[in-house]
Amino acid sequence: YEVSKGTLGSTLDVGYDIRISDKTFIGFKLSFSGGVVKITSSDLPISDEYNESLASINLSVGLRF
């Protein structure tokens, strides 16, 4: 298989901090990343092209002080 003709992707992040005390915060962040890779197969007598989707969802929790 050969990856050709580039890729397309994007990322979306949403976060929020909650104050626990004067100088202490707890934070939450949700991230979504997605993309498409075009793949060309030359192993077959007739060349075949298809798109492969890539996706990721991440949740982060942090403490800031």
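Is Leu8 buried or exposed? Leu8 counts as exposed, because its relative accessibility is 64%. This is a predicted model, and the legends below take it view by view.

**Figure 1. The whole protein is built from three strands and zero helices.** Read from the N terminus, the order of elements is β-β-β. Strand E1 covers 2–21, strand E2 covers 24–41 and strand E3 covers 48–64. The protein has 65 residues, and 15% of them are buried. Its accessible surface comes to about 5,400 Å². Carbon and sulfur atoms account for 58% of that surface. Take the contacts with a separation of 6 or more: 49% of them join residues 24 or more positions apart. The structure holds zero aromatic pairs.

**Figure 2. Leu8 of strand E1 touches a run of residues from Gly34 to Val36.** Leu8 lies in strand E1. Its contacts, with residues up to four places away in sequence set aside, are Gly34, Gly35 and Val36. Lys38 is a useful second landmark. Leu8 and Lys38 stand 30 residues apart in sequence. Their C-alpha atoms are 9.1 Å apart in space. Leu8 itself is exposed, at 64% relative accessibility.**Figure 3. Leu54 of strand E3 meets residues including Ser33 and Val37.** Leu54 has its place in strand E3. At 48% relative accessibility, Leu54 counts as partly exposed. Which residues does Leu54 contact, leaving aside its neighbours within four places in sequence? They are Ser33, Gly34, Gly35 and Val37. Val36 can serve as a distance marker. From Leu54 to Val36, the C-alpha to C-alpha distance is 6.0 Å. In sequence, Leu54 and Val36 are 18 residues apart. Gly34 and Gly35 are also among the contacts of Leu8.

**Figure 4. Ten named residues form a nonpolar surface patch of about 1,100 Å².** The members are Leu12, Val14, Tyr16, Ile18, Phe28, Leu30, Phe32, Ile57, Leu59 and Val61. Which strand supplies the largest share of the patch? E1 does, with four residues. E1, E2 and E3 each give at least two residues to the patch. One of the members, Phe28, is found in strand E2. Phe28 counts as partly exposed because its relative accessibility is 35%.

**Figure 5. Ile57, a member of the nonpolar patch, is exposed.** Ile57 lies in strand E3. Its relative accessibility is 64%, so Ile57 counts as exposed. Not counting residues up to four places away in sequence, Ile57 touches Leu30, Ser31 and Phe32. Leu30 and Phe32 belong to the nonpolar patch too. Thr11 gives a longer-range reference point along the chain. Ile57 and Thr11 are 46 residues apart in sequence. A distance of 9.8 Å separates their C-alpha atoms.

**Figure 6. Asp17 and Arg64 form a salt bridge.** How many salt bridges does the protein have? The count comes to one. The side chains of Asp17 and Arg64 meet at 2.7 Å, N to O. Asp17 lies in strand E1 and Arg64 in strand E3, so the pair ties together parts 47 residues apart in sequence. Side chains of opposite charge can pair when their charged atoms come close. Asp17 has 40% relative accessibility and therefore counts as partly exposed. Arg64 is partly exposed as well, with a relative accessible area of 45%.

**Figure 7. Arg64 also lies over the face of Phe25.** This view keeps Arg64 and turns to an aromatic ring. How far is Arg64 from the ring centre of Phe25? The distance is 4.6 Å. Arg64 is thus seen with two partners: Asp17 in the salt bridge, and Phe25 under the charge.

**Figure 8. Gly62 of strand E3 touches Phe25, Ile26 and Gly27.** Gly62 has its place in strand E3. The contacts with Phe25, Ile26 and Gly27 leave out residues up to four places away in sequence. Gly62 and Ile26 are 36 residues apart in sequence. In space, their C-alpha atoms are 5.7 Å apart. Gly62 counts as partly exposed because its relative accessibility is 33%. Phe25, touched here by Gly62, is the residue whose ring has Arg64 over its face.

How values were computed:
Residues are numbered from 1 along each chain as its sequence is written. This is a predicted model: local features need pLDDT of at least 70, side-chain atom pairs count only at pLDDT 80 or more; totals for chains, interfaces and linings use all residues. Side-chain values use heavy atoms; hydrogens and water are left out. Patches are made of residues with over 30% relative accessible area and no salt bridge: like charges are joined within 9 Å, nonpolar side chains (Val, Leu, Ile, Met, Phe, Trp, Tyr) within 5 Å. Accessible areas come from the Shrake-Rupley method with a 1.4 Å probe; for residues, only the protein chains shown count as cover. A salt bridge is a side-chain nitrogen of Lys or Arg within 4 Å of a carboxyl oxygen of Asp or Glu. Buried means under 20% relative accessible area, exposed over 50%, partly exposed in between (1.4 Å probe, protein chains only). Contact means heavy atoms within 4.5 Å. Rings of Phe, Tyr and Trp (its six-membered ring) pair if their centres lie within 6.5 Å; planes under 30 degrees apart count as stacked, over 60 as edge-to-face and the rest as tilted. A charge sits over a ring if NZ of Lys or CZ of Arg is within 6 Å of the ring centre and within 35 degrees of the ring normal.
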